[in-house]
Structure formats: structure tokens, C-alpha cells
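Hi there,

Here is the structure I promised to pass on to you. Please open it alongside this email, and then read on for what turned up in it.

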Amino acid sequence: MAVARLPVMAAHHFTIDVEEYFQVSALERYVARSDWDRYPSRVAAQMERLLALLARHNARATCFVVGWVAERHRDLIRTIARAGHEIASHGWDHARVTKLTPTQFRSSVRRSKRELEDITGVPVVGFRAPSFSIVAGGEWALDILLEEGYGYDSSLFPIRRPGYGYPTGRSDPYFIERSAGRLAEIPPATLRWGGMRLPAAGGGYFRLLPYGVVRAALRQCERRHVPGTFYIHPWEIDPDQPRVHVPWLTRARHYRGLRRTVPRLERLLTEFRFVPIRETMFALRRRSSRPIGLHKRSA
Ligand SMILES: [Zn+2]
């Protein structure tokens, strides 16, 4: 396959899935959507802390915002956009794509895009599925994203995990050719280790594994001259969030390591440079005249 190396990609992607602590997929069985308005909101306060952190380190992020949150926090979304960060969509109500019909998915990505564009006046070009829930067999969602005016997706996590993962996906940004057009895919970072690909993109992996795992993954990306994509949630820097009563394993995964997150983020932001995904997408488009993937197929 023809390969175009991209020596410009010195910066990585710092992404934030902007959602409330009670909207997390791990808790969805225990928190009814109809009850969301009864929980105290904490997303704005935590986002302010993340924005201050990013500003101190001159980092610009991509924020995948849940439409339900945007509708209730319009000033917050405007503040994020004015600070130079990208606003992208995380769906309307954080439903997994695997639970939606194509019609419902279209409605979710259309409504959230319109809401976010109405708030900021800036076109929304990016999407990330809640819990990376575009899995094998769900590629129809990529066509709908193209038809609804999206330019990139960041949902295909190239690992195998119960409930999510897209193991045949590539590790590095690439273009996917669909009947509806050409979509840039910006996968979350993975670490190549002993012939395997391990998740190393952020979230629980960032809080619960040694810091060096994420750092090693981003360094590997640099050696391949491609950006790595990191993600975090506002609730992951909020040790004082009200606890939802859940079984112990969910509790351990969800609530452990919350006090570790901010010091680790400080370190990450000191060691790496970050730009919004939108900028990478436009750079990829400018540099590619080929209708095929830009990088070597993943090993
Ligand atoms: Zn989410």
C-alpha cells in the first residue's frame, strides 16, 4: 500500500468527554435517564478546573459534549469554545450506538450538532460515540455521520473488550471510504506491547494503570510520526462527586484513583503538546491526495 509519512504531527490530542458523573455508561443500569434532572450538576465546576489546567499548559483540547449537557450549560460551552478548544459531539443523551436504531442515531447526531453549532456559531465536525460503541456491524453509523455533515469520528477503539472495541481498526489516524464519502477516523491511543495492542488512551486506564503506560503509548506515536489521542472525563477529577450505589467491581473501576488524576494530567501536559483533532483532520486532508489510508496498516 502507498504510504504518505506525515512529519508534521508533533502534537497529540487531549480530548474530554463532557458529561455528568451520573451519565457514565458504567452506571447506566443504576441511574434512569428520567432521573437525570434530579441529580445535582457538577460538570461546569470540573470543566472550569480542566480549562484552567489546559490554559496553564497552553494546550488546546477537543471536547466531545453530550447534547443534554450543552442544552443546560450554554455559557459553559461558549466559554470552552472561546478558550480555543474544539467543540464536538458525544451524542444527545449518551446512549450507546449499539442500543440505537439508525433513525435514532441520526436524530441524536443531528440534534446535538445543531445545538452545539447554535451555541458557538462554529461548525461541528467531530463525533465520539458514548463508550466507543461503534463496534463491528455498526459501520452504518459512519455513513450517517457523513450524511449529517461530520468530517471525523473518534469511536473505533482498536482493542477487544467486553461491550466495546473495534479490533480490526488501525492504531493511527486514517481515512475510511464509505458509500456516503470519506470519513477521517481518529482512534484512541493504544500501546504496542509484546505483539499486542493494549488500551492506553486515558480514562480508567490512565487512573488505574501506571502513568508510564499512557506516556509510552504517546511516545510510540511520536516514533511513528502520528498524533496519539488521549481522553478524560470531568468526573474523573472530582473525588467528592456523590456516589451512585453500584456493585463493588463497578465501584472499584469507577471511583478509584480519582485523586491521582490531576497530578497525572499536570505531568502529561508538561511532557506533551496537544492540539484539537479538527486541526489534524484538516492537515490530513490537505496532505492527502490519495483515496486510501495514509499510514502503514497496523502490525
Ligand atoms: Zn461518555
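Let's begin with a pair of helices. Helix α3 (residues 74-82) packs against α4 at an angle of about 70°, and their axes are 9 Å apart. Since angles from 65 to 115 degrees count as roughly perpendicular, that is the word to use for how α3 and α4 lie to each other. The crossing of α3 past α4 is right-handed. On the α3 side, the contact is made by R74, I77, R78 and A81, and on the α4 side by L116, I119 and T120. Sorted by class, the residues of this contact of α3 with α4 are four nonpolar, one polar and two charged. Do keep in mind that all of this comes from a predicted model.

Now follow α4 to its other partner in this email. Helix α4 (residues 102-120) and helix α5 (residues 140-147) have axes that come within 10 Å and cross at roughly 40°. That angle makes α4 and α5 oblique to each other. Here too you can look for the handedness: α4 passes α5 in a right-handed crossing. The residues that make the contact are P102, F105, R106 and V109 from α4, together with W140, A141, I144 and L145 from α5. Seven residues in the contact of α4 with α5 are nonpolar, one is charged and none is polar.

Next, have a look at the inside. In soluble globular proteins, nonpolar side chains tend to be buried together. The largest nonpolar core in this model has 73 residues. Which residues have the most contacts inside that core? They are V18, C63, V65, I77, I87, L145 and Y152. You have already met two of these names: I77 is part of the contact of α3 with α4, and L145 is part of the contact of α4 with α5. Y152 is a good one to click on: leaving aside residues up to four places away in sequence, Y152 touches V125, G126, L183, A184, E185, I186, I277 and M281.

Two loop residues have backbone angles to look at. Most residues other than glycine have a negative phi. S131 is not a glycine, yet its phi is positive, at about 55°. You will find S131 in the loop between β4 (126-127) and α5. Is S131 buried or exposed? S131 counts as buried because it has 22 C-beta neighbours inside 10 Å, and the cut-off for buried is 20 or more. H225 also has a positive phi, near 60°, and is a residue other than glycine. H225 sits in the loop between α7 (211-223) and β10 (229-232). With 14 other C-beta atoms within 10 Å, H225 is partly exposed.

Finally, here are two pairs to try with your distance tool. R219, in helix α7, is 53 residues from F272 in sequence, while their C-alpha atoms are 9.2 Å apart in space. R219 is partly exposed, as 14 other C-beta atoms lie within 10 Å. E28 lies in the loop between β1 (13-18) and α1 (43-56). E28 and H94 are 66 residues apart in sequence, and 9.5 Å separates them in space, C-alpha to C-alpha. E28 has 17 other C-beta atoms within 10 Å, so E28 is partly exposed.

Happy exploring!

Notes: Residues numbered from 1 in each chain as written. Predicted model: local features only at pLDDT ≥ 70, side-chain atom pairs only at ≥ 80, totals over all residues. Core = buried A, V, L, I, M, F, W, Y, C linked by C-beta atoms within 7 Å. Buried ≥ 20, exposed ≤ 12 C-beta atoms within 10 Å, placed from the backbone. Contact = placed C-beta atoms within 7 Å. Axes fitted to C-alpha atoms, helices over the stretch in contact; angles between N-to-C directions. Helix = DSSP H or I, 4+ residues; strand = E, 2+ residues; numbered from the N terminus. Parallel < 35°, antiparallel > 145°, perpendicular 65-115°, else oblique. Left-handed = near helix turned anticlockwise from the far one by under 90°. Nonpolar A, V, L, I, M, F, W, Y, C, P; charged D, E, K, R; others polar.
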